[in-house]
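Q: I am in my first year and would like a careful look at one part of this model, the place where strands follow one another through hairpins. Please also say how that part sits beside the other parts that can be described.

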Amino acid sequence: ALSFDRDTAYSVQPGPDDRSVSVVVPILPGAQDFSLLVQGAPPELIMAGNLSRSAYIAPPAAAISTVPPVSSAPAAAAPPPAAIAPAQPVAAQPPTSRSRDVPAAAAAPAQVPAGEMTVLAPLTAEEIETRAKSAMAEAQRALASRRGVVAAERLGHVLALPPNSQTRLAQALIGEAREYSGELRKARAEYELYLKRYPDGPETARVKERLAALGTSLAQAIAASPGGTGIGKPAEWMFNGSFSQYSYRGNSQIEVLTPPPPGQLTFTTDKLSMKDQNSIISSLDLNARKRDAATDTRIVIRDTDTHNFLYGQPQVNRLYSAYYERTDRDLGYMVRAGRQLGSGGGVFGRFDGVWAGYNVSPSWRVNAVVGNPVEFGTPLTRSLRGLSLDRVPQLGELGYSLYYIEQPLEGLNDRRAVGAEGRYFDQYRTGYAMLDYDLNFQSLNIAMAQGNWRTDSGTTYFANADVRKTPPLSLLNALPAQQVLDPFTLTPVFLDLRTSFATAAYNLGIPEMRSQASMLTATSQLYSAGFMRPVSPRWQLGADYRFASISGTGDVGVMPAQPGGGNSNIVSGQALGTNLMLPNDTVVLNASLIDSPTSFGQSYNASYVIPYKAWRFDVIMRYYTQKDTQDQKQERISPTLKLSYRFRNSVSFELEAGNENVDEKGPLREQHSRRRYFFGGYRWDFR
């Protein structure tokens, strides 16, 4: 509530941002001295009450002396803005990042008549940083829960302060806050201001991406509003997505020369020519969205249909996503129902069901999931149910999740796991880590971590470590070792998958089946690290190292023990060049050395991309050679040419033709294969 300690004439009117009000009061006798507090501020800002005084004076009331009583005056008696006495000259600090709204603070207290008002000393650098960091932390928490109005207010506090360590980041984030609150015009202005002031800032790339995406949403909002203003109209559905159709054709020719047995001279020659691919693949990606200041509603459908023209090849239609999602930032909940990809909480892959979350505080969220995993091509039925607790990640702070999940298989207790996920990001670094422990198998299913670090110079470093069971631990892993014999002929009987699983569970019992599954499940390890560094305005150079290995499996049932795959080491170097010979052209060069237990190989790839108006030309050349431990040498050359054309910025036409020539020679055999492929089609992006 706003109150006055005496009779005062005032009026209330809407504020400039449609989300605030302005209280207009007359300038009372002696009020001209207040201009000293806001040296350089336009008088109309003072009158409208739109000036953020916190940018210029410290707020403690104890620092302000008593003002002598003044008689009230009617609003009509107030002098015009021009009548305000000019402020005494004072030294000024550099303008704040928000100087378009408010001026800089006075650097030293002005001398005013005794007994009227004492101007406070400016904030110290330490006080400015403390306030900025506190407001930024509150803003990031609000952004994490998509409370745009709150986030914009906190970021406004940061920007109203003199320049500080949080100013640049606040300017980058306030556009996002405006988006969440549905203020698209203001979001665009904030993004454009950031790019004007920090064209080479760390957040520039992200700001440009959001600004580009915002352009479509803003154009639709304006076009749909009365008179084309985009202001004051209730949220409406916006649709975007794509539809594509591509035809794939491929022909192969294989010639195999087998050396003769000892004592003979005639080589055996086998030739095979065939059409190995003839299909049309159609894909639909449909997104509908309605968003306002408090809610965000989405409907997503993604479907792919494969029509095969080769004899014996099935026709396949797969619905990958079909879900409804609603987020309410005021009430703090999110729910997504339908076919969707797991978004953590121990859910791997696609499932049909419901994922729901509720923000118990700005930093903590609880989630629940229930449904059935989607596994194309299997008659077995699974279900899942789980709970998770999230510490919402904030910029510069660690976020993490703890979860418990159960996934019965055919009604039997299959997967029951606990796990944790950790996330970190700031303007330079991102990191993600995960642990998944299966309580039934009493074994670690997944342990992985990955991170990226970008320096001020533009160099990017990355590292990854991934150790996991392959395939994931499941009772199904025991099936290859099982064999059912006909009781009369003692010959193997081949059963369908569901019957085989039920039979194995009945014959072995769940504990023994789980033990055999553990012995037949391998462990894979993958480690990698590398960097990419700009060395000139046109070139970037990088290198990386990758290590991979997979363990062996035990001797179980009819499955003999299998040795591990050994260790593979790959060292690669990359070069990326832009604007070399033509405007916006791109050259990508890659070379790799591959050392595995059974062979040593070399891989070289080069591509050149030429964009010209609505056209794009891609020329790609791949070369691979290897020699294995049996002295067999293989060479593979794969040239590719791709042409694309974009019509009216919404329809793309693509053509690609390639050839793969493989030649293998050695003491065991000589083989030559030629494969030619072609694909062409179109993609329609609608908005």
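A: What follows begins with the strands and then turns to the helices and to the confidence of the model.

Because this is a predicted model, it helps to keep its confidence in mind: the chain averages a pLDDT of 81, and 78% of the residues score at least 70. Over residues 29-120 the pLDDT is below 50, although this stretch still has 138 contacts in the model beyond near neighbours in sequence. Residues 224-232 also have a pLDDT below 50, and for that stretch the model holds 14 contacts beyond near neighbours in sequence.

Now to the strands. Strand E22, which covers residues 599-612, runs antiparallel to strand E23, residues 615-628, and 14 bridges join the two. If you would like one position to find by eye, look for Pro-611, which stands opposite Arg-616 in E23. Between E22 and E23 there are two residues, so that the strands form a hairpin, and Lys-613 in the turn has a positive phi of about 55°.

E23 is also paired with strand E24, residues 633-647, again in the antiparallel sense, over 13 bridges. Here Tyr-623 is a useful landmark, standing opposite Ile-637 in E24. The hairpin of E23 and E24 has four residues between the strands, and in this hairpin Asp-631 takes a positive phi near 65°.

Elsewhere, the helices offer another kind of arrangement. The largest nonpolar core has 21 residues, and Met-136, Leu-143, Leu-155 and Ala-170 are among those with the most contacts inside it. Helix H2 (125-144), helix H3 (148-160) and helix H4 (167-180) are the elements that give two or more residues to this core, and H2 gives the most, with seven residues. Taking Ala-170 as an example, and leaving aside its neighbours within four places in sequence, one finds this residue in contact with Met-136, Leu-155, Val-158 and Leu-159. In soluble globular proteins, nonpolar side chains tend to be buried together.

A last residue to look at is Ala-517, which is found in helix H8, residues 510-519. Ala-517 counts as buried because its relative accessible area is 0%, and the cut-off for that word is under 20%. Apart from neighbours within four places in sequence, Ala-517 is in contact with Phe-441, Ser-474, Leu-475, Asn-477 and Ala-478. Of these contacts, the one with Phe-441 joins residues that are 76 residues apart in sequence, while their C-alpha atoms are 9.1 Å apart in space.

Note on methods:
Residues are numbered from 1 along each chain as its sequence is written. This is a predicted model: local features need pLDDT of at least 70, side-chain atom pairs count only at pLDDT 80 or more; totals for chains, interfaces and linings use all residues. Side-chain values use heavy atoms; hydrogens and water are left out. Two strands pair if DSSP finds at least two bridges between them. A nonpolar core is a set of buried Ala, Val, Leu, Ile, Met, Phe, Trp, Tyr and Cys residues joined through side-chain atoms within 4.5 Å. Buried means under 20% relative accessible area, exposed over 50%, partly exposed in between (1.4 Å probe, protein chains only). Contact means heavy atoms within 4.5 Å. pLDDT is the predictor's confidence in each residue, from 0 to 100.
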